[in-house]
Protein chains: 2
Amino acid sequence: MRILLIHSDYLRYKTKSKTKIAEKIEDEKKGGEFDNALVVFTAVEREDEKDADAIIESAVSEIMNVSSQVKPDNVIIYPYAHLSSSLSSPDAAKNILKGMESKLKEEGVAVSRIPFGWYKSFEISCKGHPLSELSRTITVKPKEEEKAEE
Amino acid sequence: MRILLIHSDYLRYKTKSKTKIAEKIEDEKKGGEFDNALVVFTAVEREDEKDADAIIESAVSEIMNVSSQVKPDNVIIYPYAHLSSSLSSPDAAKNILKGMESKLKEEGVAVSRIPFGWYKSFEISCKGHPLSELSRTITVKPKEEEKAEE
Ligand SMILES: [Mg+2]
Ligand SMILES: [Mg+2]
């Protein structure tokens, strides 16, 4: 998983048209505006499918870590395929993005997830302080192989 | 090289503070505003150092190709290390970014290059049409090895 975290004065977005892999959304998800937002542009990668739970946990831990420093009022999970050239399947991506949203909610974070698979217009204002633009590659160490011999 | 091309209603930026690798800039470069802009967020990669001229040519050709479709009034080269985890040296990056600027100028494009190595605030408005967000990996095929035998 590649993430790009932008600490923003505001993020606004509107869905414009669907791609073939667009998720179904309620009308209230067709646009939004968030102030003092940590926008987490996220590309879920093929490797992440091997252990979705661990990737979710690791991504959320990284987001919480940055949040504790920049203190946003909102955390926004923004699907962003353009950060990787080795993408997961759309279904795996949606599951992992939703998993991140759930886990951040559990942690008490004001989190919103932007619709997956839609063309969107957006406006963002990056604050420009040294922690306002960060990128991370999230990987999970392979689990120890079960030993074949006793 | 990784590039992310955003066709934008506007881009505004201000330099905030220097990093250790900041380029020297004139006052007029400390901020700017551009309408109907194709913003080319660019990460120069280690591999690109092997053949800077070819990478510049290939990147410019890709930018011209997208420009011919979205018809921006301005093309903005925006250094963006966050698009890659395998960056070139800062000097190589600056040379290649400057090379892209020069070549686009030669082609008659209204091009501006955003300062390298500064923390910056910025505002951008992505139009949201299907060609308004594109990413590309620019590589150069290795040159044919000189044959050792006659
Ligand atoms: Mg998008
Ligand atoms: Mg920057």
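Start by selecting Lys127(A) and Asp9(A) in this predicted model. These two residues form a salt bridge, with their closest N and O atoms 2.9 Å apart. The pair ties together distant parts of the chain, 118 residues apart: Lys127(A) lies in the loop between E5 and strand E6 (133-137) of chain A, while Asp9(A) belongs to strand E1 (residues 2-18) of chain A. Side chains of opposite charge can pair in this way when their charged atoms come close. If you go looking for others, the count over all chains comes to 20 salt bridges.

**Next, the strands of chain B**

Now move to chain B and colour E1(B) and strand E2 (residues 31-43). E1(B) and E2(B) run antiparallel, joined by 12 bridges. Two places to zoom in are Arg12(B), which stands opposite Glu33(B) in E2(B), and Tyr10(B), whose bridge partner in E2(B) is Asp35(B).

From E2(B), step across to strand E3 (residues 74-79) of chain B. Here the pairing is in the parallel sense, over 6 bridges. Select Phe41(B) and you will find its bridge partner, Tyr78(B), in E3(B).

Go back to E1(B) to pick up two more neighbours. E1(B) pairs with E5(B) in the antiparallel sense over 8 bridges, and Lys14(B) stands opposite Ser121(B) in E5(B). E1(B) also pairs with E6(B), again in the antiparallel sense, this time over 5 bridges. There, show Ile3(B) with its bridge partner Arg136(B) in E6(B).

**Then, across to chain A**

Keep E5(B) selected and add strand E5 (residues 118-126) of chain A. The two strands run antiparallel and are joined by 5 bridges, so to speak a seam between the chains. To see one place along it, select Glu123(A), which stands opposite Ser125(B) in E5(B).

Widen the selection to the whole contact, which takes 25 residues from chain B and 24 residues from chain A. Together the chains bury about 2000 Å², 47% of it on carbon and sulfur atoms. In chain B, show His82(B), Phe122(B) and Glu133(B) as sticks: they lose the most area to chain A, together 26% of what that side buries.

What kinds of links cross the interface? There are 13 residue pairs in polar contact between chain B and chain A, both residues at pLDDT 80 or more, whereas the rule finds 0 salt bridges across it.

Which strands should you highlight on the chain B side? Strand E1 (2-18), strand E5 (118-126) and strand E6 (133-137) each supply at least two residues of the side that touches chain A. E5(B) gives the most, with 8 residues. Colouring this side by residue class shows 11 nonpolar, 8 polar and 6 charged residues.

**Last stop, the axis**

Finally, zoom out and lay chain B on chain A. A turn of 180° with a shift of 0.0 Å along the axis does it, with an RMSD of 0.0 Å. The two copies are thus related as by a two-fold rotation axis. To find the axis from chain B, centre on Ile124(B), which has the C-alpha nearest to it, at 2.9 Å. The same surface serves both copies, with 96% of the contact residues of chain B recurring in chain A.

Key:
Residues are numbered from 1 along each chain as its sequence is written. Chains are lettered from A and ligands numbered from 1 in the order in which they are written. This is a predicted model: local features need pLDDT of at least 70, side-chain atom pairs count only at pLDDT 80 or more; totals for chains, interfaces and linings use all residues. Side-chain values use heavy atoms; hydrogens and water are left out. Contact means heavy atoms within 4.5 Å. Buried area is the accessible area (1.4 Å probe) that two parts lose on being put together, summed over both. A salt bridge is a side-chain nitrogen of Lys or Arg within 4 Å of a carboxyl oxygen of Asp or Glu. A polar contact is a pair of N or O atoms within 3.5 Å; within protein, one must be able to donate a hydrogen and the other to accept it, and residues adjacent in sequence count only if both atoms are side-chain atoms. Helices (H or I, at least four residues) and strands (E, at least two) are DSSP runs, numbered from the N terminus. Ala, Val, Leu, Ile, Met, Phe, Trp, Tyr, Cys and Pro count as nonpolar, Asp, Glu, Lys and Arg as charged, and the others, Gly among them, as polar. Two strands pair if DSSP finds at least two bridges between them. Copies are superposed by least squares on the C-alpha atoms of residues with pLDDT of at least 70 in both.
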